[in-house]
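Work through the exercises below with the sequence and the 3D structure at hand. Try each task before reading its solution.

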Amino acid sequence: MGNVIMSNFTDFISGGGSASQINEVVTLNNTADTVTLADARVYLKGGVFETNTSTYPLAQSSWQATGTSFNVFSQDTQPTDITWDGTHFWMLGDSSNAVYKYTAAGVYTGTSFSVSAQTSQPQGLTWDGTFFWMVEPLSQRLYKYNSAGVLQTSFSIGAQDTYPRAVTWDGTHLWVLGSSNAAVYKYNSSGVYQSVSFSVAAQETVPHGIAWDGTSFWVTGIVTDNVYKYNASGVYQDVSFSAGTTNPYGIVGVGTSLWVVDRNTRLVSQFTFVNGVQSQVSLGAQNYVRVA
């Protein structure tokens with residue numbers, strides 16, 4: 001992308017000048033992807049992604065959709081969540097009330113199991129290395145299944161949130177995301193609440209999905225349509241990205257990627273952290289963010 005030397009500063013936001021800060025947002029009368037001012041300040045147009053990190057090292061890096069996805073519509077028209085067992089994806093759907101198995105390439109294997117005996121509204125699913133766990137908001141319970149999909153036991157979790165929406169496993173504990181309080185609650189594998197929780201309401205008031213990637217939590221929501229990152233203590237890390245849909249539901253971490261369930265298109269899409277810099281995607285075409 002070419003640089004443009006600006007000779008007219010009349011549209012520059014007041015308070016700019018050479019003392020302006022990296023990531024400062026300004027309005028410029030221009031439509032080029034990058035703009036270089038006479039004093040060498042460089043601005044990137046809102047929403048533009050730039051991979052030249054040697055030139056623009058100080059802008060925000062970003063998670064980006066890779067373009068890889070797979071469609072689960074043929075199995076269920078209302079996918080709610082997805083998990084990974086180390087080899088295969090497992091998708092939970094609430095139009096058929098069942099769990100479906102896919103290869104790493106997203107090909108349906110023909111294997112599934114029903115959860116209709118427990119619920120007509122399954123929402124969240126996770127794999128703990130041995131068992132599947134499913135949350136269900138009508139009964140406000142957490143259900144445990146073996147690898148063949150046979151129910152083992154269940155626990156009430158309604159005392160913490162009256163609409164449990166999703167669940168993830170951190171290697172030791174279960175974390176249940178509730179949309180009534182927009183909060184995440186910690187349980188042991190016996191379903192006992194550990195009196196530990198954290199709120200996501202400041203970022204998303206109607207959260208839908210949660211994933212643990214081995215280091216961080218990731219939460220999706222349908223008000224902002226974004227994905228948000230939290231550390232192991234539940235502290236928001238000021239990292240978020242657009243899920244690329246108006247109805248992001250489930251999410252799972254696989255290696256260095258995140259996979260998000262799109263309830264609208266019935267696609268499960270891959271996102272990776274790209275080695276590049278991203279201007280603020282919420283900005284319009286006339287807004288620029290300083291990157292050098």
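**Exercise 1: a residue in a strand**

V99 lies in strand 8, which covers residues 98–102. The model is a predicted one.

Task. Decide whether V99 is buried or exposed, and list what V99 touches beyond its sequence neighbours.

Solution.
Step 1. The relative accessible area of V99 is 1%. Buried means under 20%, so V99 is buried.
Step 2. With residues up to four places away in sequence left out, V99 touches W90, M91, L92, T111, S112, F113, V115 and L125.
Step 3. Take T111 from that list. V99 and T111 are 12 residues apart along the chain, and 8.6 Å separates their C-alpha atoms.

**Exercise 2: the whole chain**

Task. State how many helices and strands the protein has, and what share of its residues is buried.

Solution.
Step 1. The count is zero helices and 25 strands.
Step 2. Of 292 residues, 51% count as buried.
Step 3. Now consider contacts with a separation of 6 or more: 47% of them are between residues 24 or more positions apart.

**Exercise 3: a hairpin**

Task. Describe how strand 6 is joined to strand 7.

Solution.
Step 1. Strand 6 (79–84) and strand 7 (residues 89–93) run antiparallel and are joined by five bridges.
Step 2. Within this pair, D81 is opposite L92 of strand 7.
Step 3. The two strands form a hairpin with four residues between them. In the turn, G86 has a positive phi of about 105 degrees.
Step 4. Five of the six residues of strand 6 are buried, so the strand is mostly covered.

**Exercise 4: two open sheets**

Task. Give the strand order in the sheet that contains strand 10 and in the sheet that contains strand 14, and find the edges of each.

Solution.
Step 1. Strands pair in a sheet through backbone hydrogen bonds, in a parallel or an antiparallel way.
Step 2. One open sheet has four strands in the order 10-11-12-13, with antiparallel pairing. Strand 10 and strand 13 (151–156) each have a single partner strand, so they stand at the edges, with one side lacking a neighbour in the sheet. On average, neighbouring strands here are turned by 20 degrees against each other, direction ignored.
Step 3. Strand 10 pairs with strand 11 (residues 132–136) over four bridges; L125 is opposite M134 in strand 11.
Step 4. The other open sheet also has four strands, in the order 14-15-16-17, and its pairing is antiparallel. Its edges are strand 14 and strand 17 (193–199), because each has a single partner strand. The twist from one strand to the next averages 25 degrees.
Step 5. Inside this sheet, strand 15 and strand 16 (residues 183–187) are joined by five bridges, and L174 stands opposite Y187 in strand 16.

**Exercise 5: a loop residue**

Task. Locate H173 and decide whether H173 is buried or exposed.

Solution.
Step 1. H173 sits in the loop between strand 14 and strand 15 (174–178).
Step 2. Its relative accessibility is 17%, so H173 counts as buried.
Step 3. Neighbours within four places in sequence aside, H173 contacts T168, K186, Y187, N188 and Q194.

**Exercise 6: a pocket**

Task. Describe the lining of the second largest pocket.

Solution.
Step 1. The volume of the second largest pocket is about 270 Å³.
Step 2. Its lining has 23 residues, of which W84, W127, W212, V252 and G253 are the closest to its centre.
Step 3. Strands 6, 10, 14, 18 and 22 each give two or more residues to the lining.
Step 4. By class, the lining has 12 nonpolar, seven polar and four charged residues.

Conventions
Residues are numbered from 1 along each chain as its sequence is written. This is a predicted model: local features need pLDDT of at least 70, side-chain atom pairs count only at pLDDT 80 or more; totals for chains, interfaces and linings use all residues. Side-chain values use heavy atoms; hydrogens and water are left out. On a 1 Å grid over the protein atoms alone, a cavity is a set of points where a 1.4 Å probe fits but cannot get out, and a pocket is an open set with protein on both sides within 12 Å along at least five of seven lines; lining residues have an atom within 4 Å of a point. Grid points are joined across faces, edges and corners, and a volume is the space filled by probe spheres set on the points. Ala, Val, Leu, Ile, Met, Phe, Trp, Tyr, Cys and Pro count as nonpolar, Asp, Glu, Lys and Arg as charged, and the others, Gly among them, as polar. Buried means under 20% relative accessible area, exposed over 50%, partly exposed in between (1.4 Å probe, protein chains only). Contact means heavy atoms within 4.5 Å. Two strands pair if DSSP finds at least two bridges between them. Axes are lines fitted to C-alpha atoms, for helices over the stretch in contact, and angles run from 0 to 180 degrees between N-to-C directions.
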